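Subject: Handover of a structure and the findings on it

Dear colleague,

I am writing to hand over a structure for your attention. Please look through it first; my notes come after it.

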Amino acid sequence: MKHKTPLLDQLESGPWPSFVSDIKREAESRTKNAKGVDYQIPVDVCDDILGVLELTYVHKRTHWKHGGIVGVFGYGGGVIGRYCDQPEMFPGVAHFHTMRVNQPGGKYYSTEYLEKICDLWERRGSGITNMHGSTGDIILLGTHTPQLEEIFYELTHDIGQDLGGSGSNLRTPSDCLGKSRCEYACYDTQALCFDLTNEYQDYLHRPAFPYKFKFKFDGCPNCCVASIARADMSFIGTWKDDIRIDQKAVAAYVGGEIKPNAGAHSGRDWGAFDIQKEVIGLCPTGCMAWDGKKLTIDNPECTRCMHCINVMPRALKIGKETGISILVGAKAPILDGAQMGSLLIPFISAEPPYTEIKELIEKIWDYWMEEGKNRERLGELIKRKGFQKLLEATELEPVAQMVKEPRTNPYIFWKEDEVEGGFTRDIQEYRKYHLR
Amino acid sequence: METAEAQKVIIEGLEKKKGKSKFYLKDFYAMLPDWKPREVNKLVNNMVQQEMLEYWSSGSTTLYGIKGAGKQGAAEEGEE
């Protein structure tokens with residue numbers, strides 16, 4: 001290796017897969033160049049990334065500069081400029097810009113597609129990727145400024161692939177695989193994700209907001225893309241009617257003929273399946289009962305936790321009247337701590353062309369663009385101004401499902417025009433009953 | 001206010017600001033109080049296309065500056 005890396009080498013010693021080993025392997029492969037790749041950035045980029053990281057550990061301070069101006073013409077996102085502050089010692093990473101690639105819906109791609117992406121990144125970048133970033137994009141880590149337009153051209157013209165969002169843009173929308181494989185999916189996540197990605201191209205590629213904004217699409221409340229914890233707007237599949245019960249299949253689970261959780265916990269002997277302990281007793285609202293022969297569910301009390309359906313998927317199915325719940329304001333803990341999404345729309349139909357959903361999105365954006373402070377996420381704005389202000393901005397009536405904690409949040413603030421007779425009272429009439 | 005006039009207001013507004021070379025989108029709203037946020041956003045993004053302004057991004061947020069002014073490339077703020 002080009003640089004000695006004793007501190008990094010320790011990271012290879014544990015039982016876990018090591019990114020250090022991965023980068024060393026790529027460094028070795030670049031040095032050998034057995035495939036005769038026409039490298040467009042320094043061959044030793046991977047050696048130098050290890051070198052600068054080792055130096056960072058020695059100095060206990062970063063050797064990366066903050067941000068940059070770089071991008072591709074016409075776009076204001078998708079490229080994140082990174083420069084090393086020891087370019088003479090580590091010329092391979094003097095520039096180490098990141099490119100975010102808008103991942104295909106449901107993260108479905110062919111081997112041919114992956115080979116093309118990897119070949120491109122080996123030739124014009126470091127060969128190091130992150131599959132996938134927290135937002136869901138394919139992250140291509142480390143290239144030099146003169147390569148950016150070249151990479152963008154090849155991505156768009158040869159691979160039919162667009163960049164994703166970064167900075168104060170709409171971030172790359174992210175979805176679960178939805179109806180393509182999952183029987184729990186209550187709506188077509190990929191169709192909605194694709195539609196909104198196309199509808200809001202301008203917002204995805206050019207900054208428009210006080211800060212980042214994320215859409216995420218989960219087909220059911222299992223929330224496989226964790227939209228409820230991460231997205232400024234979460235679209236979570238739900239149903240209005242009753243959970244469908246196949247009593248024969250319930251009996252088969254109880255009798256041990258069908259393995260619970262589709263056999264997912266079969267690596268260890270957990271004993272015989274106990275429906276009372278493992279399903280009925282774990283229902284968060286206590287809305288289920290088992291009398292030894294028949295399973296019953298008090299459906300209006302169900303909060304769609306999905307536990308019973310996950311444990312007994314052949315016996316219990318989501319309802320037939322399906323749609324979406326929309327939650328707003330989730331975020332990671334950079335400021336003010338992490339925040340989960342708050343329910344804004346308990347149920348909305350998810351049929352193209354999604355006009356109602358788009359109208360709602362644009363009302364929320366107008367409000368946030370007008371009222372949001374610099375670098376303030378939607379969730380922080382809602383917290384600062386109150387949920388009621390968001391309801392006014394979105395022209396929605398308050399409903400019981402929006403109240404998270406009825407006993408600790410009991411106040412309703414009425415406006416004068418909402419109260420019959422207004423706020424002014426007849427003082428003479430009042431004094432008839434109340435002395436001064 | 002016409003587009004050309006608004007662009008002039010923005011450039012002059014930025015040139016007046018001392019000590020800072022990169023600005024949030026919201027700073028431009030204040031320069032054009034009669035414009036809606038979306039109109040201001042379109043205007044400044046067009047000014048980037050016309051190479052009057054340029055983006056600067058930390059990766060998580062995006063700022064705008066006059067093209068060529070302030071921190072450039074691998075420089076630190078305050079360096080030429």
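The notes below take up the interface between the chains and then three residues of chain A. Please bear in mind throughout that this is a predicted model.

The interface

Chain A and chain B together bury about 2600 Å², and carbon and sulfur atoms account for 47% of that area. On the chain A side 37 residues take part in the contact, and on the chain B side 29 residues do so. The rule finds 14 residue pairs in polar contact across the interface of chain A and chain B, both residues being at pLDDT 80 or more. Helix 7 and helix 12 of chain A each provide at least two residues of the side that touches chain B. Of the elements of chain A, helix 12 gives the most to this side, with 6 residues. By type, the residues on the side of chain A that touches chain B comprise 13 nonpolar, 11 polar and 13 charged.

The interface of chain A and chain B also has 1 salt bridge. In it, B:Arg38 is paired with A:Asp366, and their closest N and O atoms are 2.7 Å apart.

A:His63

A:His63 lies in the loop that runs between helix 3 (45-59) and strand 1 (79-80) of chain A. This residue counts as buried because its relative accessibility is 4%, below the 20% cut-off. Its side chain makes a polar contact of 2.9 Å with the side chain of A:His59, and another of 2.8 Å with the side chain of A:Asp85. Apart from neighbours within four places in sequence, the residues in contact with A:His63 include A:Val52, A:Leu55, A:Tyr83 and A:Cys84.

A:Lys214

The loop between helix 7 (201-205) and strand 6 (215-218) of chain A holds A:Lys214. Although A:Lys214 is buried, it has no salt bridge. The nearest side chain of opposite charge belongs to A:Asp232 and is 6.5 Å away. When neighbours within four places in sequence are left aside, A:Asp232 is nevertheless one of the residues in contact with A:Lys214, and others among them are A:Thr135, A:Arg171, A:Arg230 and A:Arg377.

A:Ser349

A:Ser349 is found in the loop between strand 13 (342-348) and helix 12 (355-371) of chain A. With a relative accessibility of 41%, A:Ser349 counts as partly exposed. A:Ser349 and A:Tyr187 are 162 residues apart along the chain, and 8.7 Å separates their C-alpha atoms.

With kind regards

Key: Residues are numbered from 1 along each chain as its sequence is written. Chains are lettered from A and ligands numbered from 1 in the order in which they are written. This is a predicted model: local features need pLDDT of at least 70, side-chain atom pairs count only at pLDDT 80 or more; totals for chains, interfaces and linings use all residues. Side-chain values use heavy atoms; hydrogens and water are left out. Helices (H or I, at least four residues) and strands (E, at least two) are DSSP runs, numbered from the N terminus. Buried means under 20% relative accessible area, exposed over 50%, partly exposed in between (1.4 Å probe, protein chains only). A polar contact is a pair of N or O atoms within 3.5 Å; within protein, one must be able to donate a hydrogen and the other to accept it, and residues adjacent in sequence count only if both atoms are side-chain atoms. Contact means heavy atoms within 4.5 Å. Lys and Arg count as positive and Asp and Glu as negative; His and the chain ends are not counted. A salt bridge is a side-chain nitrogen of Lys or Arg within 4 Å of a carboxyl oxygen of Asp or Glu. Buried area is the accessible area (1.4 Å probe) that two parts lose on being put together, summed over both. Ala, Val, Leu, Ile, Met, Phe, Trp, Tyr, Cys and Pro count as nonpolar, Asp, Glu, Lys and Arg as charged, and the others, Gly among them, as polar.
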